[in-house]
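User: I've got a fold to go through with you, strand pairing to begin with and the cores after that. Could you take my questions one by one?

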Amino acid sequence: MVSLRVLDNVISDRGSKYSVSGIAVSSRAEVDAALKELKRNKKFAKATHNSWGVFLPGGPLKADDGEAGAGNVILSVLEGADVHGQLVIVTRWFGGKHLGGDRFRHVRDVAKMWIETL
């Protein structure tokens with residue numbers, strides 16, 4: 001498997017920090033392996049949320065990892081860009097202040113940043 005690409009600390013807002021990672025995948029097993037690879041880095045393992053989404057041949061897969069709705073936002077960005085077979089993982093470190101709806105804007109923005117690197 002090709003190594004995971006990471007764009008680190010791309011957005012900061014009220015103490016929360018966002019990064020985005022991605023890799024080409026073709027199965028759920030590869031998704032799980034990529035998540036495991038990301039979490040080998042202690043910084044990402046200790047993150048508040050590692051939300052992700054991907055369109056595979058069998059359909060979309062996503063996980064919010066406690067950031068309710070984040071997986072759907074990632075899938076929406078992938079669908080809008082017609083990107084399939086690319087896992088996008090948005091990582092957030094909570095900074096102590098609630099961001100309200102801005103957190104979804106940040107998830108969308110960092111997912112778009114990753115897609116622009118394809």
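User: Which residue in β2 is the bridge partner of serine 12?

Analyst: Quick caveats: this is a predicted model, where local features need pLDDT of at least 70, side-chain atom pairs count only at pLDDT 80 or more, and totals for chains, interfaces and linings use all residues. Residues are numbered from 1 along each chain as its sequence is written, and side-chain values use heavy atoms, with hydrogens and water left out. Strands here are DSSP runs (E, at least two residues; helices are H or I, at least four), numbered from the N terminus, and two strands pair if DSSP finds at least two bridges between them. β1 and β2 run antiparallel, with six bridges joining them. In β2, serine 12 is bridged to lysine 17.

User: Which strands stand at the edges of the sheet?

Analyst: The sheet is open, has five strands with antiparallel pairing, and its order is β1-β2-β5-β3-β4. Two strands have a single partner each, so one side of each lacks a neighbour in the sheet: β1 (5–13) and β4 (59–63).

User: Which element gives the largest share of the largest nonpolar core?

Analyst: A nonpolar core is a set of buried (under 20% relative accessible area, 1.4 Å probe, protein chains only) Ala, Val, Leu, Ile, Met, Phe, Trp, Tyr and Cys residues joined through side-chain atoms within 4.5 Å. This one has 19 residues, and Val107 is among those touching the most other members. β2, α3, β5 and α4 each give two or more residues. The largest share, six residues, comes from α3.

Definitions and conventions. Buried < 20%, exposed > 50% of the residue type's maximum accessible area, 1.4 Å probe, protein only.
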